[in-house]
Amino acid sequence: MRTLTIRHCLLLIIFAAVGLIGCHAPSDQPVVVEFWAMGQEGEQVKALLPEFERRHPGIRVRVQQIPWSAAHEKLLTAYAGDAMPDVFQLGNTWIPEFVALRALEPLDARLQGWPAAAVNDYFPGILATNRLNGQTWALPWYVDTRLFFYRSDLLKAVGYPEPPTTWDDWLQAMARLKTLDETERYAILLPVNEWQFLVILALQRGATLLRDRDQYGDFQNPRFKEAFRFYLSLFAEELAPPMSNTQMANLYQEFANGYFAVYITGPWNIGEFRRRLPAGLQDQWMTAPLPGASLAGGASLALSRTSPRQDAAWKLLEYLAEPEQQAQFYQITGDLPARQSAWKIPALAGNRYAQAFRQQLQNVQATPPIPEWERIASRLTYYAEMTARQQMSVDEALAALDREVDRILEKRRWLLEREQPPSPPAPLPEGEGQR
Amino acid sequence: MMNGLERHAAFSAWVFLTPALLLIAVFFFLPVLAALLLSFTDFDIYALGDLNRLRFVGFNNYLHLLQSPLFWTAIGNTFYFVILGGPLSVAVSLGAALLVNARLTRFPGLFRTAFFLPVVTTLVAVAVVWRYLYHPRYGLLNYGLSLAGIEPIDWLGDPDWAMPAIILMAVWKNFGFNMIIFIAGLQNIPPQLYEAARIDGAQAWAQFRHITLPLLGPTFLFVALMTMIGYFQVFAEPYVMTQGGPANRTLSIVLLMYEEGFRWWNMGYASAAAFILFVLILAGTVLQLKLRRRASS
């Protein structure tokens, strides 16, 4: 129904003005592809583009850099204002939302031209987050997941020269870290304003978080409850401080002080730890995979459904997906490549902190692929924090969480019902009938 | 009946008023009307993609809000901020104005400027500094308390202290503006009145009670109203200091509205919250005007 928007009118006026001046646009004018990228990626990706423009003389790329903190809002506003770029970066957890908006162009037809080996070169768990309803909506650009960053000297001091590989051993190591000496310290930092670790624990125990085609919350499920109790026990036993990471004035300094010895975080912190920890500590920290799955995170590149320049935009997408460009991009940004063959370059193969990530990326899981997930996750954060701060009991918190989530998903239920009206009553999966 | 001259004058008046009225209509009344309509729908991310997925929900947004514990938390926090912060801010402004305006004060211009400085400083920069002041282990404030033998307080992390900490910062940041208005009010009081009072033997307190306060009445009303309206809309302080945490204890109504509207894109729900806030502010304003009228009659 969008017919003549203000933008179109303005364009018409501009064209009319250009026509009046008599400056007739030559037909071999290059196609300008508008590309939005976030934060440092938006800055650094420019270094890759001269080569692209050399290979495709008919295409020019205009990069617009957007700060991460405003990125989501800006993309939604651009969509509402019919001002979407041709190609854009987006967090892979945003994909369901933009699919619901119908803002993305499915890529499967174009991917037909790729050899199967190229598609399989992506980490499978990461590629899966770019697929929804049987279609591929974006291509992974770089990946991230979360795992242990730990003080190897402190872990060694409590009898673990090699990092533990099971939760039981980690618990034991953390208990010993807590009582290592007289200084007031914690074993692990689990910021109470983040939901990721709790969800990782739940996914490792096979909890699905939502049920019935993601139409209802499933947080009172025994598996989730077990994960939640484990999570809370870390606070109850004072292995983790009940703190948000905004309460830490300087996280890196505290890690260097040994205020906490373990932190579960993502690849962006490899560079930060190298830059911010004192030189004497550089050999005293390491990364290790989690005992079990972690989250399939990262950023992807997508084509706008309404872009009139999709062919040129797709060429840019293909170019940035090449293993050579992925490797190059890693070297300038430190972002981990989404394609496994790019990991062969010496700079990455020789990065000892990255090896744990490579291993972990083989074992990643996605959060529920629905637009409401971020919102549900923020409610989960709230109830987890309330419980960690002992303002609520586990049962109260989870019941309240399920109630809120059910309400958040009301629209989704309505849409699903409307879009596939008279379906035969689905057989209830076991254990679902007792509600 | 208007005669020709009056009609002519009325016509000119309309000509002069029209541009301003048009601007107000287009940029204020129209959006407000649109928001009112929006508050009766479930406009969200799905509706943004396809208007067929928009539902008219009547008063459901309002009902859901009134049933949502989070909304009541936000209301409670906002009232806490208004009821504690508002009078405190007015009192501090009045105190500062009296001091700066006192005859004995040297360099009143310097103090006026110094007290006004926080008002014109960027809030984000102020927040960064205050976050350091409030730091539980390295902060200046806790250092001062430790000298007095008081246990350190986790100002922004403790659910009970976060709001007082925000209020303290907000009062410090904003009192200068009201102080300037109070100074203007104070300077409007004819000095003869004080002279007459002194001749009658009135001491400082009596002068303040019977001359300064009554004659500051209109200024007082203005300052109290503007402060209340501004404090009801508290957003930036908790947004930059705590993001509404810890455990939602600094979540204000406008912060909730912002999160619902621009983070989760629940425009209908957020608009409903905006109108409830509007009603609250209106009620607060009417109440203050009534109290004032009763006090002065």
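This passage describes a sheet, two helices and a chain contact in a predicted model.

A convenient place to start is the sheet of chain A. Six strands make up this open sheet, and they follow the order β2-β1-β3-β14-β6-β15, with mixed pairing. The edges are taken by β2 (59-66) and β15 (336-337) of chain A; each has a single partner strand, so one side of each is left without a neighbour in the sheet. For β15(A), the link to the sheet runs through strand β6 (residues 139-144) of chain A: the two strands are antiparallel and are joined by two bridges. Within this pair, A:L336 of β15(A) stands opposite A:V143.

At the other edge strand, β2(A), a helix comes into view. Helix α4 (residues 68-80) of chain A lies across β2, β1 (31-38) and β3 (87-91) of chain A, and its direction makes an angle of about 115 degrees with β2(A).

A further helix of chain A, α18 (residues 352-361), has four names worth looking up in the structure: A:A356, A:F357, A:Q360 and A:L361 are its buried residues. Viewed down the axis of α18(A), these buried residues fall within an arc of 135 degrees, and they therefore line one face of the helix.

Finally, the two chains meet. Chain A gives 22 residues to the contact and chain B gives 20 residues. On the chain B side, helix α2 (residues 45-49) of chain B supplies the largest share, four residues. By character, the residues on the side of chain B that touches chain A comprise 11 nonpolar, five polar and four charged.

How values were computed: Residues are numbered from 1 along each chain as its sequence is written. Chains are lettered from A and ligands numbered from 1 in the order in which they are written. This is a predicted model: local features need pLDDT of at least 70, side-chain atom pairs count only at pLDDT 80 or more; totals for chains, interfaces and linings use all residues. Two strands pair if DSSP finds at least two bridges between them. Two residues are in contact if their C-beta atoms, placed from the backbone, lie within 7 Å. Axes are lines fitted to C-alpha atoms, for helices over the stretch in contact, and angles run from 0 to 180 degrees between N-to-C directions. Ala, Val, Leu, Ile, Met, Phe, Trp, Tyr, Cys and Pro count as nonpolar, Asp, Glu, Lys and Arg as charged, and the others, Gly among them, as polar. A residue is buried if 20 or more other C-beta atoms lie within 10 Å of its own, exposed if 12 or fewer, and partly exposed in between; C-beta atoms are placed from the backbone. The arc is that of the directions from the helix axis to the C-beta atoms.
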